Amino acid sequence: MATRLQPARHNQLVLDCPLPLDSGAAVASPAIAYEAYGRLNDARDNAILICHALTMDQYVASTHPVTGKPGWWAKVVRPGGVIDTDRYHVICANVIGSCMGSSGPASDDPGSGQPYAMRFPVVTIGDMVRAQAMLLDRLGIARLHAVVGGSMGGMQALAWAAHYPDRVDRALIIASAARHSAQNIAFHEVGRQAIMADPNWRGGDYYASGEPPTKGLAVARMAAHITYLSEAGLTEKFGRQLQDREAKTFGFDADFQVESYLRHQGISFVDRFDANSYLYITRAMDYFDLGDPHGGRLADAFRQSPVRFGLVSFDSDWLYPTAESRRIVQALHAAGAQASFVELSSPFGHDAFLLDSPELWRLISGFIEAGR
Amino acid sequence: MTASEPARLRPDLALIAAQVPPGARVLDVGCGDGTLMAALRDGRNADVRGLEIDPANVAAAMERGLAVVQGDANRDLADYPAGGFDYAILSQTLQTTERPDRIVDELLRIAPRAFVSFPNFAHWRVRLALMWGGRMPVTRLLPVAWYETPNIHHVTVSDFRDLLRSRGIAVERAWFLSGDRPASDAAASWRAEHAIFLISRK
């Protein structure tokens with residue numbers, strides 16, 4: 001496949017059975033790329049599944065093959081760390097629909113030998129989780145000590161608990177929600193329209209052209225990145241400071257530091273992410289509403305659940321605000337499930353879950369170690 | 001598991017912990033850092049959940065592996081289903097709530113039985129402070145000055161009994177503590193620094 005994405009080798013497993021999807025379609029023989037750390041013990045009861053967010057991937061604790069940067073949660077998942085790989089077998093799988101080795105729109109359609117592009121079926125959070133469950137089946141892991149995720153990863157952790165309550169001992173959901181709000185969907189639609197408005201997008205069939213819709217994808221990333229931060233965080237970091245200049249230029253260069261920062265975020269993103277995957281994964285998040293199959297009664301998704309739930313929100317996160325976590329807690333109470341919840345204080349908005357936060361780390365460790 | 005655990009508890013908490021039957025489902029409202037919860041879990045094998053307003057306390061309890069939700073008893077008790085627990089516990093919190101009468105109703109909606117403990121505002125030290133000093137009392141159990149105390153609804157043993165009577169709520173048992181030691185029921189109104197009631201719907 002000819003994208004601007006540098007080809008990289010991923011540790012992947014190709015399932016010999018189709019992956020049935022919520023839409024009714026199926027992926028014939030799906031590839032699922034994953035990274036694993038630490039040893040699975042003989043009792044096979046020390047496995048922790050980490051679910052990644054929209055633009056993250058399976059490289060949670062290992063060097064990213066494209067960017068060369070450390071794993072996105074390398075400070076958390078390490079020997080002797082918050083999630084201790086000396087004691088736990090940690091797995092992180094690239095979600096279905098993504099572009100880091102798992103089947104997605106950039107993968108070749110076995111029928112035509114060409115990339116699927118927009119012919120790849122629309123996937124859901126539930127489909128991502130089903131693919132992970134099939135992967136764990138193949139790896140001989142019947143039950144997880146914990147499933148942990150932030151943002152879209154938190155949605156997967158919730159879906160795991162809802163769909164496979166007997167396979168999960170505890171679920172930790174950080175800065176997430178049980179459904180996508182109108183505002184969430186609205187921001188995603190801006191990103192998708194930016195990609196589709198890029199003439200290089202070509203209805204999704206840009207792989208052979210060698211010219212992917214990088215401008216559209218960069219704009220999508222810039223808009224989304226604002227939603228991951230907070231006004232206070234932006235003000236503290238950039239204020240109205242100018243970028244490498246003494247005075248305003250009375251033009252449309254990136255005069256302000258914040259403009260320069262966002263442009264950099266956009267440009268660097270396109271080197272590691274496929275535009276069509278961005279369309280598919282944002283769609284999966286928009287479709288997410290765990291209460292929907294139960295007539296809107298979220299509690300019914302967790303009736304008598306044996307899973308221990310931990311929820312964490314951040315007070316400056318306006319993308320997945322505390323109210324969304326509280327809504328989940330209320331549903332868990334109504335369902336009689338065991339839930340913990342805390343709102344942590346941080347100036348960094350939604351991104352806080354990825355930053356150095358000893359407060360969060362202590363919670364994660366306490367939640368994972370409890371009763372063990 | 002650790003029988004010595006309740007001994008390290010505050011006396012009112014130790015008393016409550018000793019009364020909860022093994023394996024009970026318990027909601028601790030205003031659970032602080034989860035000290036009583038941990039004692040109930042470890043000593044009574046109770047299925048115990050907590051509600052706590054202070055995030056630092058919630059975090060401390062979560063780090064102990066306890067199921068605690070950050071929230072405000074004045075609002076968030078409504079989120080708990082009716083009859084979801086065997087016991088609700090409200091210790092040293094009633095006098096800080098916006099509407100203690102509604103809180104008591106909520107406790108007995110959530111569980112058939114509730115432990116409610118509070119500092120008795122009719123204790124003789126309090127009476128002395130008002131009678132002779134003419135000032136709002138600052139005592140061991142009421143250590144904060146009037147202008148910054150969280151105790152916005154001071155209550156006496158007699159007041160609480162009146163409230164229960166008017167609401168048709170039964171007192172199953174009551175304990176009174178004076179200087180951390182039991183005080184007799186007869187003189188509770190002025191001798192008890194601290195009252196603990198086990199209440200239920202009639």
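How many residues does helix H7 of chain A have, and how far does the helix reach from its first C-alpha to its last? In this predicted model, H7(A) covers residues 275–287, has 13 residues and reaches 19 Å between those two atoms, close to the 18 Å expected at 1.5 Å a residue. Eleven of the 13 residues are buried, so the helix is largely enclosed by the rest of the structure. The buried set runs from Ala275(A), Asn276(A), Ser277(A) and Tyr278(A) through Leu279(A), Tyr280(A), Ile281(A) and Thr282(A) to Ala284(A), Met285(A) and Asp286(A). These buried residues pack against four helices of chain A, namely H1 (125–139), H2 (152–163), H3 (182–197) and H4.

Helix H4 of chain A, residues 214–228, also holds Arg221(A). Together with Asp351(A), Arg221(A) is listed by UniProt, in an unreviewed entry, under "binding site". The two positions span 131 residues in sequence, yet their C-alpha atoms are no more than 13.9 Å apart, so they gather at one spot. Arg221(A) is buried, with 22 other C-beta atoms within 10 Å, where 20 or more are required for that class. Apart from residues up to four places away in sequence, Arg221(A) touches Gln265(A), Gly266(A) and Phe269(A). Asp351(A), by contrast, is placed in a loop, the one between strand E12 (338–344) and helix H9 (358–369) of chain A. Asp351(A) likewise counts as buried, with 22 C-beta neighbours inside 10 Å. Its contacts, leaving aside neighbours within four places in sequence, are with Tyr228(A) and Leu229(A).

The same unreviewed UniProt entry type provides a domain annotation, "AB hydrolase-1", for residues 47–354 of chain A. Over residues 47–354 the chain is 34% helix and 12% strand. The C-alpha atoms at the two ends of this segment are 22 Å apart.

In chain B, helix H1 (residues 11–19) has Asp12(B), Leu13(B), Ile16(B) and Ala17(B) as its buried residues. Viewed down the axis of H1(B), these residues fall within an arc of 135°, so they line one face of the helix. The cover over the buried residues of H1(B) includes helix H2 (35–44) of chain B. Strands E4 (87–91), E5 (113–119), E6 (169–178) and E8 (194–201) of chain B are also included in that cover.

The contact between the chains takes 21 residues from chain A and 16 residues from chain B. On the side of chain B that touches chain A, helix H3 (55–63) and strand E3 (67–70) each supply at least two residues. The largest share of that side, five residues, comes from H3(B). By residue class, the side of chain B that touches chain A divides into nine nonpolar, three polar and four charged residues.

For the complex, the predictor gives an ipTM of 0.84 and a pTM of 0.91. Chain B has a mean pLDDT of 90, and 97% of its residues reach 70 or more. Over residues 1–7 of chain B, however, pLDDT stays under 50. For that stretch the model has 14 contacts beyond four places in sequence.

Key. Residues numbered from 1 in each chain as written. Chains lettered and ligands numbered in written order. Predicted model: local features only at pLDDT ≥ 70, side-chain atom pairs only at ≥ 80, totals over all residues. Contact = placed C-beta atoms within 7 Å. Nonpolar A, V, L, I, M, F, W, Y, C, P; charged D, E, K, R; others polar. UniProt positions renumbered as here; feature names shortened; annotations may be inferred. Buried ≥ 20, exposed ≤ 12 C-beta atoms within 10 Å, placed from the backbone. pLDDT = per-residue confidence, 0-100. Expected span 1.5 Å × (residues − 1). Arc of directions from axis to C-beta.
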